[in-house]
Amino acid sequence: MNLLPNKTSLLALLLLVAGVLQSCSDKVVRTHTANSPIYQSKEDWRATDIQIEGARALQNPGKIYLYDRYLFVNERMRGVHIFDNTNPANPINLGFLPVLANIDMAVNNRVLYLDSYTDLLAFDLTNPASPRLMSRVEDVFNFNNYGMMPNYDPNYPASLVDAEKGIVIGWEVKKVTEESNNYYYYPLSSRNDIAVDFTSSVAIESAFGGSTGIGGSMARFTVFQNHLYILQEWTLDVFNVSGDPTHVRQLSLSRFGETLFPKDGNLFIGTTTGMIIYGLGDPSNPVWLSEFEHFAACDPVVVEGDRAYVTLSSGNTCAGNVDVLEVIDISDIRNPVLWASYPMANPKGLGIDQDLLFLCDGATGLKVLDKASFTPNSYEPVSFFPGIVTFDVIPYNGTLIMTAEEGIYQYDYRDPQNIVQVSHLPVTP
């Protein structure tokens, strides 16, 4: 009788032993120093009375939004600064709206829409200097940006989050004893690229009338004909906002979505692997028209005329390895084709006003390009502002508003040959 196993039974035995060993290592109790979540019950969080507070200094600015003469600046995950920007050379800090876990915003008919953790909040802007909470739609967002919450220390791993204990409102570094699913603890990403990329984003919104505002090219909220569109990674949510926000539908996307840009009755979605175009003939029911595929990279997009302008950047959460500005011919909206591709340093947000294309080229600064001079092989620079770690822009009526690591900059570009900086709201550590 042969007691030695054959090759098949030996392989099965080894796999069984490996499975037993793996299952033993799946549950590990250890004590270590980590970021430990600070919880608040959802009931207490939702019961919080959100009121405008006194002006605060900028610390970690994210996305920007322009409505009427007011400039709204997101303080990542903490709320919104409100400025009277009547005089861009002297913006006046009016106050701070504390909204937990806020990244994105949009305005329609004097109502400000903000994300807050999992919920969608609507604020009355009858007095834009003092928004008043009107309504809340619960559980709209699949929140996963824990690493961006206050006081997260990237030098330490993250302790496990227990959703049954409530929402995470911040972190504290301390010794924790916990059971892990494996031997390894990975620090949560701060997701800075998403908040600025994050925050963030979304492409510059075209003002389809005085009832809406203008957002930056990293935005994930946009408004068209009393409908609010919200981009969430693999889905596009549509809300009717002619009254209280009402969810109309959710569309599944074929790619990982990042930014939104409405133009000429179409919705352009920047994704990590390409651009998707939807028709808004019926604003409540976006219809897929076409897709344009590109290398894997973060992808804000803006549109003017029969061309779309897309930046692809490396070194971020999109795992891209290219740094270019792509110009896409959309004269046939159902068949977009690449018209030109220009190498850049590390491009982020961008914006257009007539012949001027404003491009945030990461740590190399702000580039102003004459898009009328573009050829398939070259472009003509107008101005270059180095030495600023740039993120996103809003050009409007001769004033460029730009977010950067160093704060909020504003430029007067009424004379394209003599663009000058008129103000700077610095970041205070």
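**Confidence first, then the salt bridges**

This is a predicted model, and its protein chain averages a pLDDT of 86, with 84% of the residues scoring at least 70. Two stretches are worth marking before you look at anything else. Over residues 1–25, pLDDT stays under 50, and the model has four contacts there beyond four places in sequence. Residues 182–210 also stay under 50 in pLDDT, but for them the model has 143 contacts beyond four places in sequence.

Now for the charged side chains. Side chains of opposite charge can pair when their charged atoms come close. A search of the whole structure turns up 16 salt bridges.

A good place to begin is Asp104. Lys63 forms a salt bridge with Asp104, and the closest N and O atoms are 2.8 Å apart. Lys63 sits in strand S2 (residues 61–67), while Asp104 is in the loop between strand S5 (92–98) and strand S6 (105–108), so this pair ties together parts that are 41 residues apart in sequence. Are Lys63 and Asp104 buried or exposed? Both of them are buried.

Asp104 also meets the side chain of Arg220 in a salt bridge, at 3.1 Å from N to O. Arg220 is buried, as is Asp104.

Further along the chain, have a look at Asp361 and Lys367. Their side chains meet in a salt bridge with an N to O distance of 2.8 Å, and here too Asp361 and Lys367 are buried. Elsewhere, salt bridges that share partners link Lys42, Arg46, Asp119, Arg136, Glu138 and Asp139 into one network.

Key:
Residues numbered from 1 in each chain as written. Predicted model: local features only at pLDDT ≥ 70, side-chain atom pairs only at ≥ 80, totals over all residues. Heavy atoms only, no water. pLDDT = per-residue confidence, 0-100. Contact = heavy atoms within 4.5 Å. Salt bridge = Lys/Arg side-chain N within 4 Å of Asp/Glu carboxyl O. Helix = DSSP H or I, 4+ residues; strand = E, 2+ residues; numbered from the N terminus. Buried < 20%, exposed > 50% of the residue type's maximum accessible area, 1.4 Å probe, protein only.
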